[in-house]
Amino acid sequence: IWEIWDNAVGHPIAMNAKPDSFKDGILRVNVSSSAWIHQLKFLEKEMIQNINKQLGSVIVREIRFKIGKILS
């Protein structure tokens, strides 16, 4: 997930959101602000589809967003 993240979600999102952890189909993502969390909730289904397509398998079932550090 970490290796394909930038390509799967696109540059603007990747600059403001980074994967933090993954367990049992749930991807936890650190996001730079509450405004970004609000926006990403609308894009969650599309992001899941793109991530799973890049991975070649249905691995991510849900994304949970939280404000946290964005490490490049």
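Two residues are said to touch, or to be in contact, when heavy atoms of one lie within 4.5 Å of the other. Every view below is drawn from a predicted model.

**Figure 1. The open sheet is built from three strands.**
The strands follow the order 1-2-3, and the pairing within the sheet is mixed. Strand 1 (17–23) and strand 3 (62–67) form the edges, each of them pairing on one side only. Averaged over the sheet, neighbouring strands are turned by 25° against each other, direction ignored. Helix 3 (residues 34–55) packs on this sheet and touches strand 1, strand 2 and strand 3. The direction of helix 3 makes about 155° with that of strand 3.

**Figure 2. Strand 1 and strand 2 run antiparallel.**
Six bridges join strand 1 to strand 2, the latter comprising residues 26–31. Among the facing positions, Ala-17 stands opposite Val-31 of strand 2, and Ser-21 stands opposite Arg-28 of strand 2. Phe-22 has Leu-27 in strand 2 as its bridge partner. In a regular strand, side chains alternate between the two faces of the sheet. Strand 2 is mostly covered, with five of its six residues buried.

**Figure 3. Two residues separate the strands of the hairpin formed by strand 1 and strand 2.**
Asp-24 and Gly-25 are shown in this view; Asp-24 lies in the loop between strand 1 and strand 2, as does Gly-25. Is Asp-24 buried or exposed? Asp-24 counts as exposed because its relative accessibility is 59%, and the cut-off for exposed is over 50%. Asp-24 has a phi near 50°, a positive value in a residue other than glycine. Most residues other than glycine have a negative phi. Gly-25, in contrast, is buried because its relative accessible area is 8%, and buried means under 20%. Which residues does Gly-25 touch, not counting those up to four places away in sequence? The contacts of Gly-25 are with Ile-59, Val-60, Arg-61 and Glu-62. Gly-25 and Pro-12 are 13 residues apart along the chain, and their C-alpha atoms are separated by 24 Å.

**Figure 4. Strand 2 and strand 3 pair in the parallel sense.**
The pairing extends over six bridges. Two of the partnerships are shown: Val-29 with Phe-65 of strand 3, and Asn-30 with Lys-66 of strand 3. From strand 2, the chain crosses through helix 3 to strand 3. This β-α-β crossover is right-handed.

**Figure 5. The largest nonpolar core contains 19 residues.**
The residues with the most contacts inside this core are Trp-5, Leu-27, Val-29, Met-47, Ile-51, Ile-63 and Phe-65. At least two residues of the core come from each of helix 1 (5–9), helix 2 (11–16), strand 2, helix 3 and strand 3. Which element gives the most to this core? Helix 3 does, with five residues. In soluble globular proteins, nonpolar side chains tend to be buried together.

**Figure 6. Ile-51 is one of the residues with the most contacts inside the largest nonpolar core.**
Residues up to four places away in sequence are not counted in this view. Ile-51 then touches Ile-4, Trp-5, Ala-8, Leu-27, Val-60 and Ile-63. Of these neighbours, Trp-5, Leu-27 and Ile-63 are also listed among the residues with the most contacts inside the core.

**Figure 7. A polar contact joins the side chains of Asn-16 and Trp-36.**
Asn-16 is placed in helix 2, and its polar contact with Trp-36 spans 3.3 Å. Is Asn-16 buried or exposed? Asn-16 counts as buried because its relative accessibility is 18%, which falls within the cut-off of under 20%. When residues up to four places away in sequence are left aside, Asn-16 touches Asn-30, Val-31, Ser-32, Trp-36 and Ile-70.

**Figure 8. Leu-71 lies in the segment after strand 3.**
With a relative accessibility of 61%, Leu-71 counts as exposed. How many residues apart in sequence are Leu-71 and Asn-30? Leu-71 and Asn-30 are 41 residues apart in sequence, and their C-alpha atoms are 9.2 Å apart in space. Asn-30 also appears in Figure 4, where its bridge partner in strand 3 is Lys-66, and in Figure 7, where it is touched by Asn-16.

How values were computed: Residues are numbered from 1 along each chain as its sequence is written. This is a predicted model: local features need pLDDT of at least 70, side-chain atom pairs count only at pLDDT 80 or more; totals for chains, interfaces and linings use all residues. Side-chain values use heavy atoms; hydrogens and water are left out. Two strands pair if DSSP finds at least two bridges between them. Axes are lines fitted to C-alpha atoms, for helices over the stretch in contact, and angles run from 0 to 180 degrees between N-to-C directions. A nonpolar core is a set of buried Ala, Val, Leu, Ile, Met, Phe, Trp, Tyr and Cys residues joined through side-chain atoms within 4.5 Å. Buried means under 20% relative accessible area, exposed over 50%, partly exposed in between (1.4 Å probe, protein chains only). A crossover is right-handed if, with the strands pointing away from the viewer, the path from the first strand over the helix to the second runs clockwise. A polar contact is a pair of N or O atoms within 3.5 Å; within protein, one must be able to donate a hydrogen and the other to accept it, and residues adjacent in sequence count only if both atoms are side-chain atoms.
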